[in-house]
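Reader: Show me how to read strand pairing and nonpolar cores in a model. Keep it brisk.

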Amino acid sequence: MSVQAPSAVLLIRPRFFTPNPETALDNVFQTHAVGEDADAVAAAAYAEVSEAAAMLEAHGVTVHLFDDDGPGRPDSVFPNNWISTHAGGHVALYPMHTPNRRTERRGDIVEMLKHSYRVQDVVDYSGLELDDVFLEGTGAMVLDHGARIAYVARSRRADPIALERFCTNFGYEPMAFDAVDETGTAIYHTNVMMCVATDFALVGLRLITSAARRAQVVERLSAQDREVIDLDPEQIRNFAGNAIELHGKTGRILALSERALANLTKPQRRIIERSCEIVPLSVPTIELAGGSVRCMVAGIHLDRRSVLLSPAAAG
(Lines give C-alpha, C1' and ligand atoms only; values in the text may rest on other atoms or scores of the structure.)
Protein backbone atom coordinates (compact mmCIF):
# COMPACT_ATOMS: atom_id res chain seq x y z
CA MET A 1 0.00 0.00 0.00
CA SER A 2 1.09 3.58 -0.61
CA VAL A 3 2.20 5.48 2.47
CA GLN A 4 0.26 8.42 1.05
CA ALA A 5 -3.11 6.64 1.04
CA PRO A 6 -4.42 5.48 4.44
CA SER A 7 -7.00 2.70 4.59
CA ALA A 8 -8.75 4.09 7.69
CA VAL A 9 -10.15 7.53 8.50
CA LEU A 10 -11.80 9.55 11.22
CA LEU A 11 -15.04 11.44 10.55
CA ILE A 12 -17.09 13.65 12.89
CA ARG A 13 -20.87 13.87 12.46
CA PRO A 14 -22.08 17.17 13.98
CA ARG A 15 -25.50 17.84 15.46
CA PHE A 16 -25.07 21.63 15.45
CA PHE A 17 -23.28 22.39 12.21
CA THR A 18 -23.29 25.94 10.91
CA PRO A 19 -20.80 28.14 9.01
CA ASN A 20 -18.57 29.50 11.78
CA PRO A 21 -18.80 33.30 12.10
CA GLU A 22 -15.44 33.41 13.93
CA THR A 23 -13.57 31.87 10.97
CA ALA A 24 -15.30 33.94 8.28
CA LEU A 25 -12.78 36.77 8.67
CA ASP A 26 -10.07 34.95 6.71
CA ASN A 27 -11.92 32.06 5.06
CA VAL A 28 -13.29 33.45 1.81
CA PHE A 29 -14.50 29.97 0.87
CA GLN A 30 -17.29 30.28 3.44
CA THR A 31 -20.87 31.04 2.40
CA HIS A 32 -23.62 31.89 4.83
CA ALA A 33 -26.89 30.04 4.31
CA VAL A 34 -28.96 33.20 4.06
CA GLY A 35 -32.60 32.58 4.88
CA GLU A 36 -32.03 28.90 5.65
CA ASP A 37 -33.44 27.38 8.82
CA ALA A 38 -30.56 26.61 11.20
CA ASP A 39 -32.00 23.26 12.23
CA ALA A 40 -32.46 22.24 8.60
CA VAL A 41 -28.86 23.18 7.78
CA ALA A 42 -27.56 21.18 10.75
CA ALA A 43 -29.71 18.17 9.83
CA ALA A 44 -28.49 18.29 6.23
CA ALA A 45 -24.85 18.34 7.34
CA TYR A 46 -25.47 15.41 9.69
CA ALA A 47 -26.98 13.43 6.81
CA GLU A 48 -24.11 14.33 4.47
CA VAL A 49 -21.51 12.96 6.88
CA SER A 50 -23.58 9.80 7.37
CA GLU A 51 -23.78 9.27 3.62
CA ALA A 52 -20.09 10.04 3.12
CA ALA A 53 -19.13 7.49 5.78
CA ALA A 54 -21.33 4.86 4.16
CA MET A 55 -19.87 5.57 0.72
CA LEU A 56 -16.28 5.28 1.96
CA GLU A 57 -17.08 2.05 3.81
CA ALA A 58 -18.69 0.66 0.67
CA HIS A 59 -15.35 1.20 -1.08
CA GLY A 60 -13.50 -0.68 1.65
CA VAL A 61 -12.20 2.21 3.75
CA THR A 62 -12.40 1.72 7.53
CA VAL A 63 -14.36 4.64 8.97
CA HIS A 64 -14.29 5.64 12.64
CA LEU A 65 -17.41 7.79 12.93
CA PHE A 66 -17.90 9.96 16.02
CA ASP A 67 -20.90 12.13 16.80
CA ASP A 68 -20.52 15.64 18.18
CA ASP A 69 -23.47 16.91 20.20
CA GLY A 70 -21.82 20.17 21.31
CA PRO A 71 -23.65 23.34 20.19
CA GLY A 72 -20.53 25.49 20.59
CA ARG A 73 -18.43 23.67 17.97
CA PRO A 74 -19.77 24.67 14.54
CA ASP A 75 -16.65 23.42 12.70
CA SER A 76 -16.22 20.06 14.45
CA VAL A 77 -16.91 18.33 11.11
CA PHE A 78 -13.29 19.20 10.19
CA PRO A 79 -11.13 17.07 12.56
CA ASN A 80 -8.06 17.09 10.34
CA ASN A 81 -7.28 20.56 11.67
CA TRP A 82 -6.70 19.40 15.25
CA ILE A 83 -5.28 15.86 14.88
CA SER A 84 -2.96 13.96 12.58
CA THR A 85 -1.46 10.48 12.77
CA HIS A 86 1.84 9.21 11.41
CA ALA A 87 3.60 5.96 10.60
CA GLY A 88 5.57 4.58 13.51
CA GLY A 89 2.79 5.22 15.99
CA HIS A 90 2.88 9.01 16.30
CA VAL A 91 -0.07 11.34 16.88
CA ALA A 92 -0.04 15.16 16.83
CA LEU A 93 -2.56 17.57 18.37
CA TYR A 94 -2.56 21.12 17.05
CA PRO A 95 -3.11 24.70 18.25
CA MET A 96 -6.23 26.24 16.70
CA HIS A 97 -6.50 29.88 15.68
CA THR A 98 -10.17 30.44 16.52
CA PRO A 99 -11.15 30.10 20.21
CA ASN A 100 -14.42 28.30 19.51
CA ARG A 101 -12.53 25.56 17.64
CA ARG A 102 -10.20 24.68 20.51
CA THR A 103 -12.77 22.49 22.27
CA GLU A 104 -12.92 20.23 19.18
CA ARG A 105 -9.91 18.28 20.48
CA ARG A 106 -11.31 15.10 22.04
CA GLY A 107 -9.64 12.74 24.46
CA ASP A 108 -12.05 9.92 23.60
CA ILE A 109 -10.81 9.93 20.01
CA VAL A 110 -7.18 9.76 21.14
CA GLU A 111 -8.10 6.86 23.44
CA MET A 112 -9.83 5.07 20.54
CA LEU A 113 -6.65 5.36 18.53
CA LYS A 114 -4.59 3.95 21.40
CA HIS A 115 -7.08 1.10 21.79
CA SER A 116 -7.31 0.12 18.12
CA TYR A 117 -3.89 1.11 16.74
CA ARG A 118 -0.27 1.06 17.80
CA VAL A 119 0.35 4.52 19.28
CA GLN A 120 3.82 5.23 20.63
CA ASP A 121 3.40 8.87 21.57
CA VAL A 122 1.08 11.86 21.39
CA VAL A 123 2.77 15.21 20.73
CA ASP A 124 0.51 18.01 21.91
CA TYR A 125 1.20 21.46 20.47
CA SER A 126 -2.06 22.98 21.75
CA GLY A 127 -0.28 24.90 24.52
CA LEU A 128 1.11 27.21 21.84
CA GLU A 129 -2.34 28.82 21.70
CA LEU A 130 -1.40 30.73 24.87
CA ASP A 131 1.29 32.51 22.83
CA ASP A 132 -0.96 33.07 19.79
CA VAL A 133 0.99 30.50 17.81
CA PHE A 134 -1.17 28.30 15.57
CA LEU A 135 -0.77 25.39 13.17
CA GLU A 136 -4.05 23.89 12.02
CA GLY A 137 -2.94 20.36 11.22
CA THR A 138 -3.31 18.93 7.74
CA GLY A 139 -5.41 21.91 6.80
CA ALA A 140 -2.40 24.21 7.22
CA MET A 141 0.03 21.55 5.96
CA VAL A 142 -0.24 19.22 2.98
CA LEU A 143 2.10 16.35 3.75
CA ASP A 144 4.05 14.25 1.29
CA HIS A 145 4.57 11.23 3.52
CA GLY A 146 6.96 9.50 1.13
CA ALA A 147 9.30 12.40 0.42
CA ARG A 148 8.78 13.82 3.94
CA ILE A 149 7.86 17.32 2.76
CA ALA A 150 5.32 19.62 4.43
CA TYR A 151 3.88 22.07 1.88
CA VAL A 152 2.49 25.16 3.61
CA ALA A 153 0.76 28.29 2.36
CA ARG A 154 1.72 31.02 4.83
CA SER A 155 -1.16 32.35 6.93
CA ARG A 156 -1.97 33.16 10.52
CA ARG A 157 -3.16 29.55 10.81
CA ALA A 158 0.34 28.27 9.96
CA ASP A 159 2.86 29.91 12.26
CA PRO A 160 6.51 29.30 11.26
CA ILE A 161 7.49 28.52 14.87
CA ALA A 162 4.93 25.75 15.17
CA LEU A 163 5.73 24.51 11.68
CA GLU A 164 9.41 24.23 12.52
CA ARG A 165 8.63 22.31 15.71
CA PHE A 166 6.37 19.88 13.88
CA CYS A 167 8.89 19.29 11.10
CA THR A 168 11.71 18.74 13.59
CA ASN A 169 9.66 16.31 15.71
CA PHE A 170 8.13 14.36 12.83
CA GLY A 171 10.95 14.44 10.30
CA TYR A 172 9.50 16.62 7.52
CA GLU A 173 11.14 19.31 5.43
CA PRO A 174 9.07 22.49 5.42
CA MET A 175 8.32 24.07 2.05
CA ALA A 176 6.42 27.28 2.71
CA PHE A 177 5.15 29.75 0.14
CA ASP A 178 2.81 32.71 -0.20
CA ALA A 179 -0.45 31.98 -2.01
CA VAL A 180 -3.32 34.35 -2.75
CA ASP A 181 -6.57 34.26 -4.70
CA GLU A 182 -7.51 36.64 -7.53
CA THR A 183 -8.42 39.39 -5.04
CA GLY A 184 -5.06 39.17 -3.30
CA THR A 185 -6.49 37.43 -0.22
CA ALA A 186 -4.18 34.88 1.36
CA ILE A 187 -5.24 31.24 1.08
CA TYR A 188 -6.33 30.31 4.61
CA HIS A 189 -5.49 26.57 4.46
CA THR A 190 -3.08 24.84 2.12
CA ASN A 191 -5.38 21.87 1.63
CA VAL A 192 -7.94 23.93 -0.29
CA MET A 193 -5.37 24.50 -3.04
CA MET A 194 -3.30 21.32 -2.97
CA CYS A 195 -3.68 17.54 -2.78
CA VAL A 196 -0.67 15.21 -2.90
CA ALA A 197 -1.49 11.66 -4.00
CA THR A 198 0.83 8.77 -4.86
CA ASP A 199 1.06 9.26 -8.63
CA PHE A 200 -0.31 12.77 -9.11
CA ALA A 201 -0.77 16.07 -7.32
CA LEU A 202 -3.57 18.59 -7.67
CA VAL A 203 -2.30 22.12 -7.04
CA GLY A 204 -3.31 25.68 -7.79
CA LEU A 205 0.08 26.75 -9.09
CA ARG A 206 -1.09 30.17 -10.23
CA LEU A 207 -1.98 31.06 -6.65
CA ILE A 208 1.68 30.80 -5.55
CA THR A 209 2.97 34.36 -5.82
CA SER A 210 6.66 33.62 -6.37
CA ALA A 211 7.51 32.16 -9.77
CA ALA A 212 10.73 30.74 -8.36
CA ARG A 213 8.93 29.04 -5.47
CA ARG A 214 6.27 27.78 -7.85
CA ALA A 215 8.95 26.10 -9.93
CA GLN A 216 10.47 24.56 -6.81
CA VAL A 217 7.10 23.13 -5.75
CA VAL A 218 6.65 21.56 -9.18
CA GLU A 219 10.18 20.18 -9.10
CA ARG A 220 9.73 18.57 -5.69
CA LEU A 221 6.36 17.08 -6.55
CA SER A 222 7.62 15.75 -9.88
CA ALA A 223 10.70 14.18 -8.26
CA GLN A 224 8.48 11.40 -6.95
CA ASP A 225 7.36 10.54 -10.51
CA ARG A 226 4.08 12.33 -9.94
CA GLU A 227 2.16 14.11 -12.62
CA VAL A 228 1.32 17.64 -11.50
CA ILE A 229 -2.22 18.70 -12.37
CA ASP A 230 -2.47 22.49 -12.41
CA LEU A 231 -5.82 23.77 -11.12
CA ASP A 232 -7.05 27.20 -12.11
CA PRO A 233 -8.46 29.65 -9.54
CA GLU A 234 -12.07 28.81 -10.36
CA GLN A 235 -11.40 25.11 -9.78
CA ILE A 236 -9.79 25.98 -6.45
CA ARG A 237 -12.85 28.04 -5.47
CA ASN A 238 -14.95 24.96 -6.16
CA PHE A 239 -12.80 22.71 -3.92
CA ALA A 240 -11.14 20.73 -6.72
CA GLY A 241 -7.92 20.78 -4.70
CA ASN A 242 -9.60 19.65 -1.47
CA ALA A 243 -9.36 15.91 -2.06
CA ILE A 244 -7.70 12.95 -0.35
CA GLU A 245 -6.28 9.69 -1.65
CA LEU A 246 -7.34 6.62 0.36
CA HIS A 247 -6.85 2.87 0.03
CA GLY A 248 -9.99 0.80 -0.46
CA LYS A 249 -10.79 -2.84 -1.08
CA THR A 250 -9.81 -2.78 -4.76
CA GLY A 251 -6.99 -0.23 -4.65
CA ARG A 252 -6.57 3.49 -4.27
CA ILE A 253 -9.47 5.92 -4.48
CA LEU A 254 -9.63 9.71 -4.61
CA ALA A 255 -12.38 11.08 -2.38
CA LEU A 256 -13.63 14.54 -3.28
CA SER A 257 -16.93 16.38 -3.49
CA GLU A 258 -19.40 16.22 -6.35
CA ARG A 259 -18.85 19.96 -6.83
CA ALA A 260 -15.09 19.44 -7.05
CA LEU A 261 -15.42 16.64 -9.58
CA ALA A 262 -17.78 18.69 -11.74
CA ASN A 263 -15.05 21.34 -12.04
CA LEU A 264 -12.29 18.99 -13.18
CA THR A 265 -11.68 18.71 -16.91
CA LYS A 266 -11.82 15.39 -18.73
CA PRO A 267 -8.02 15.32 -19.25
CA GLN A 268 -7.50 15.97 -15.54
CA ARG A 269 -9.88 13.14 -14.63
CA ARG A 270 -8.08 10.78 -16.97
CA ILE A 271 -4.78 11.44 -15.21
CA ILE A 272 -6.37 10.69 -11.82
CA GLU A 273 -8.10 7.56 -13.09
CA ARG A 274 -4.81 6.01 -14.19
CA SER A 275 -4.11 5.21 -10.54
CA CYS A 276 -7.29 5.95 -8.58
CA GLU A 277 -11.00 5.36 -8.71
CA ILE A 278 -12.73 8.72 -8.28
CA VAL A 279 -15.31 8.63 -5.47
CA PRO A 280 -17.45 11.79 -5.37
CA LEU A 281 -19.29 12.64 -2.15
CA SER A 282 -22.29 14.92 -1.84
CA VAL A 283 -21.45 17.56 0.79
CA PRO A 284 -22.95 20.88 -0.42
CA THR A 285 -24.12 21.92 3.04
CA ILE A 286 -20.75 21.27 4.65
CA GLU A 287 -19.05 23.25 1.88
CA LEU A 288 -20.93 26.33 3.13
CA ALA A 289 -18.41 26.34 6.00
CA GLY A 290 -15.49 26.83 3.63
CA GLY A 291 -14.14 23.30 3.56
CA SER A 292 -14.89 20.14 1.63
CA VAL A 293 -14.05 16.43 1.67
CA ARG A 294 -10.35 16.71 2.54
CA CYS A 295 -11.18 18.96 5.47
CA MET A 296 -13.68 16.39 6.75
CA VAL A 297 -11.30 13.43 6.67
CA ALA A 298 -8.50 12.76 9.13
CA GLY A 299 -6.48 9.90 7.67
CA ILE A 300 -5.17 7.24 10.07
CA HIS A 301 -1.55 6.37 9.23
CA LEU A 302 -1.15 3.91 12.12
CA ASP A 303 -0.79 0.13 12.30
CA ARG A 304 -3.81 -1.78 13.59
CA ARG A 305 -3.41 -3.81 16.75
CA SER A 306 -3.77 -7.55 16.15
CA VAL A 307 -5.23 -7.86 19.65
CA LEU A 308 -7.20 -4.88 20.90
CA LEU A 309 -6.28 -3.48 24.30
CA SER A 310 -8.77 -3.08 27.08
CA PRO A 311 -9.71 0.57 27.67
CA ALA A 312 -7.69 0.59 30.91
CA ALA A 313 -4.57 -0.73 29.19
CA ALA A 314 -4.96 1.68 26.27
CA GLY A 315 -5.00 4.62 28.67
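Author: We take one strand and its partners, then the cores. Bear in mind that this model is predicted.

Reader: Is strand β13 enclosed or open, and why?

Author: Count its buried residues. Strand β13 spans residues 251–257, and 6 of its 7 residues are buried, so the rest of the structure largely encloses it.

Reader: In which sense does β12 pair with β13?

Author: Antiparallel, over 5 bridges, with β12 covering residues 244–248. The connection is a hairpin of 2 residues. For one facing pair, look at H247, opposite R252 in β13.

Reader: And how does β13 pair with β14?

Author: Parallel, again through 5 bridges; β14 is residues 277–281. Find L254, whose bridge partner in β14 is I278.

Reader: What should I expect of side chains along a strand?

Author: In a regular strand they alternate between the two faces of the sheet.

Reader: Now the cores. What is the general idea?

Author: Nonpolar side chains tend to be buried together in soluble globular proteins. Here the largest nonpolar core has 38 residues. Y151, F177, M193, M194, F200, L202 and I272 have the most contacts inside it.

Reader: Which elements give two or more residues to this core?

Author: The strands are β7, β8, β9, β10 and β13; the helices are α5, α7 and α8. β10 gives the most, with 4 residues.

Reader: What does Y151 touch?

Author: Leaving out residues up to four places away in sequence, its contacts include M175, F177, M194, V196, V217 and L221. Among the others are D144, T190 and R220. Another core, of 26 residues, lies apart from the largest one and includes F17, V63, V279 and I286.

Notes:
Residues numbered from 1 in each chain as written. Predicted model: local features only at pLDDT ≥ 70, side-chain atom pairs only at ≥ 80, totals over all residues. Heavy atoms only, no water. Buried < 20%, exposed > 50% of the residue type's maximum accessible area, 1.4 Å probe, protein only. Pairing = 2+ DSSP bridges. Core = buried A, V, L, I, M, F, W, Y, C linked by side-chain atoms within 4.5 Å. Contact = heavy atoms within 4.5 Å.
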